[in-house]
Amino acid sequence: MKLHEYQAKELLARFGVPVPKGRVARTPEEAEAICRELGGKAVIKAQAHTGARGKAGGVKVAQTPAEAKQHAASILGMQLVTHQTGPQGLPVSAVLVEELVDIEREIYLSVAIDNTPGMPVIIASAQGGMDIEEVAANHPEAIFQVHVDPACGFQPFQGRSLAFKVGLTGDLLNPATAIIGALVKAFDATDGSIIEINPLVVTKDGKLLAADAKYSIDDNADYRQKDIAGMRDRSQEAQRELEAHDAGIQNYVKLDGTIGCLVNGAGLAMATMDALKFEGGSPANFLDIGTANSTDTVVAALKIIGSDPDVKAVLVNIFGGLARTDVIAQGIVDAKREGFIPQPTVVRLAGTNVEAGMKILDASELDLGRADGFAEAARMAVAAAKRK
Amino acid sequence: MSVLMNRNSKVVVQGFGGAGQREAANGRAYGTQIVCGVTPGRGGQVIENTPIRNTVEEAVKEFGANVSLIFVPAPFAADAILEAEAAGVPVIICITEGIPVLDMVKVKRVMKGSKSRLIGPNCPGVISVAEHARAGIMPVDVYMEGHVGVISRSGTLVYEAVDQLTRLGIGQSGSVGVGGDPIIGTSQREALELFEADPDTNAIVLIGEIGGTAEQEAAEYIKTMKKPVVAFIGGATAPPGRRMGHAGAIIAGAAGTASAKQAALRAAGATVVESPSNIGQTMLEVLQKAGLK
């Protein structure tokens, strides 16, 4: 789950990372008032789950409270379109109003999970304020990292080592070490999956401040991070994915193709998308139905797929292990009879209880495309979508 | 011979609820020794013809359990893995999906100095076909005895690959599902090492997917292997930055893309399959070329 910048900064401040003075505003009047509190000047930042907000007109500097009100009025309610959001953009219903900061230098600092050693890794670079992927590609020598061993936790020497390497020396050394320690503490306490401070700025008066922050939480830890789970902003997520989520379908991702997919297992679901592409088609969604031990879940999933206006054909590809093909088959029949999937539908069943599953499909006498293998199923679905 | 399991393997099932009971029965029907279940507080009961104990320690002492199969729900699964490790179970197989990543950070650290090996989590388990040894959730009907080993991050893609092989008359020595999570106990590379050392295995199917760099690490090892490897990477058409079901299947950075992984595997000498429906056919051609079929 992604957090907004203002939420990220609230959390980071709680753990001792210094952030610029400021607050979130939801109306132009609030923005004006906050700007006045800050001494009459402020930066107004759109709160949306995307980077590159400045280029898209989502970040503006106000020299007076009246100007802050004006900027907030222009940003609030906009659809912020960046290269990360897709053409429809993301709605903006809040702005962060912050003090202006005189920047001397910008540092990059983050914590994430490094899969291979299976440990959190702290990454730092003196080339802050830039896309770290680009720095990694063009100047790998400018990126420094240390791993946090869970046996002993973060150690101050690790923070000092990174601080020296990115040039945070002299009076900045101790505060920098403390900030790195606080970042790791926040990551650990909140089940972070990535926290990125980019940039961490050195101000002209010699202070360190987290000027921007991205914060994501491990979805698997929702059950023990209830406070943070409450920070979820549903307006930032695709409507169709929310509907799927509410219907108990966790693993649904909306895509831009024309073939609706219902598959069991994430790997098979990805491979099904690949097979469709290989046959000249494209998937309208990723959907892993998982174990699917009730027909209701299958019907709910097919309803989500069938109601997608982009979907021209539906492909069900099931290889039952824990999932039972007879349950899936009954779900398909029920959904078809209820009229939830009016599109031409191709079904491929294999694995656990496949004979029983086939019998259910046969007995229904519904017009379903039946495929024996993976490639055939993909080919039939692509053909059906093109006919439509 | 086989990988990780054989006919002498004695399996304890941790978490003897619905899935645990069903897969214990399936394993037993296949011929695997399922010796007991562990559900704390249920010790002494017999459920579905299976004696239940309170702790893994008891399962090891009384029944000589040497493989643990874990179905414990995600919030308690890391604890279950560590219990099996503390009891000295040599092979621990965790099916559970959805374990918090920071729990796995701790587990991984403990496994590092351990004599136990963890497979998974979020995996379909392990099967050794000729030995009729199965600890997992895979449908056994699709398997056929033979000499191809199958390694995969995804469960259902193991079944898919095995089914394609069997339909072409190519049997399998076994399969190892390494799991779809970001942090797993046994890497693709380590699973390759096991099959490379197994005299019963002639060739290997490796099924990776987008996200992380495990396939590149596997590729480094493939350079040194004697046995041929056929590889498929799932998620070539997945958009970057989105988690595709598996917690580990998210493209972050250039190394996580399918094309980067395919290139690394190809450069290492693996035969890379573009379409997931061509895994079996490609293996057939590779075996014929090598004079193994």
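User: Which residue of chain B forms a salt bridge with A:Asp149?

Analyst: Keep in mind that this is a predicted model. The cut-off for a salt bridge is a side-chain nitrogen of Lys or Arg within 4 Å of a carboxyl oxygen of Asp or Glu. Here the closest N and O atoms are 2.6 Å apart, and the partner of A:Asp149 is B:Arg109.

User: How many salt bridges does the rule find across the interface of chain B and chain A?

Analyst: Let's start with the contact itself: 54 residues of chain B touch 47 residues of chain A. Together the two chains bury about 4000 Å², with 60% of that on carbon and sulfur atoms. Searching the whole structure over all chains turns up 33 salt bridges. Across the interface of chain B and chain A, the number is 4.

User: Where do helices of the two chains cross, and at what angle?

Analyst: Look at helix H9 (residues 266-278) of chain A and helix H5 (residues 155-167) of chain B, whose axes come within 5 Å. On the H9(A) side you'll find A:Gly267, A:Leu268 and A:Ala271, and these meet B:Thr156, B:Leu157 and B:Glu160 in H5(B). By class, that contact has 3 nonpolar, 2 polar and 1 charged residues. The two helices cross at roughly 65°.

User: Now inside chain A: which three residues supply 47% of the area that domain 1 buries against domain 2?

Analyst: The domain assignment splits chain A into domain 1 (1-20 + 102-237), domain 2 (21-100) and domain 3 (239-387). The contact between the first two takes 15 residues from domain 1 of chain A and 16 residues from domain 2 of chain A. About 1300 Å² is buried there, and carbon and sulfur atoms give 45% of it. On the domain 1 side, the trio that supplies more than any other three residues is A:Tyr6, A:Pro20 and A:Gln236.

User: How many salt bridges are counted between domain 1 and domain 2 of chain A?

Analyst: The centres of these two domains, taken over C-alpha atoms, are 23 Å apart. For the domain pair, the count comes to 4.

User: And what is the count between domain 1 and domain 2 of chain B?

Analyst: In chain B the assignment gives domain 1 (1-122) and domain 2 (138-293), with C-alpha centres 25 Å apart. The contact takes 17 residues from domain 1 of chain B and 21 residues from domain 2 of chain B. About 1600 Å² is buried between them, 59% of it from carbon and sulfur atoms. Yet the number of salt bridges is 0.

User: Which residue pairs with A:Glu5 in a salt bridge?

Analyst: The N to O distance for this pair is 2.7 Å. The side chain that meets A:Glu5 belongs to A:Lys45.

User: How far apart along the chain are A:Glu196 and A:Lys214?

Analyst: These two form a salt bridge, with their closest N and O atoms 3.8 Å apart. A:Glu196 sits in strand S10 (residues 192-203) of chain A, while A:Lys214 sits in strand S12 (residues 213-217) of chain A. Along the chain, the separation is 18 residues.

User: Is the crossing of H2(A) and H3(A) left-handed or right-handed?

Analyst: Helix H2 (residues 28-37) and helix H3 (residues 65-75) of chain A pack at about 145°, their axes 8 Å apart. Residues in contact include A:Ala31 and A:Cys35 from H2(A), and A:Ala68 and A:Ala72 from H3(A). The contact divides into 8 nonpolar, no polar and 4 charged residues. As for handedness, the crossing is right-handed.

Key
Residues numbered from 1 in each chain as written. Chains lettered and ligands numbered in written order. Predicted model: local features only at pLDDT ≥ 70, side-chain atom pairs only at ≥ 80, totals over all residues. Heavy atoms only, no water. Axes fitted to C-alpha atoms, helices over the stretch in contact; angles between N-to-C directions. Helix = DSSP H or I, 4+ residues; strand = E, 2+ residues; numbered from the N terminus. Left-handed = near helix turned anticlockwise from the far one by under 90°. Contact = heavy atoms within 4.5 Å. Nonpolar A, V, L, I, M, F, W, Y, C, P; charged D, E, K, R; others polar. Domains from an automatic or database assignment. Buried area = accessible area lost by both parts, 1.4 Å probe.
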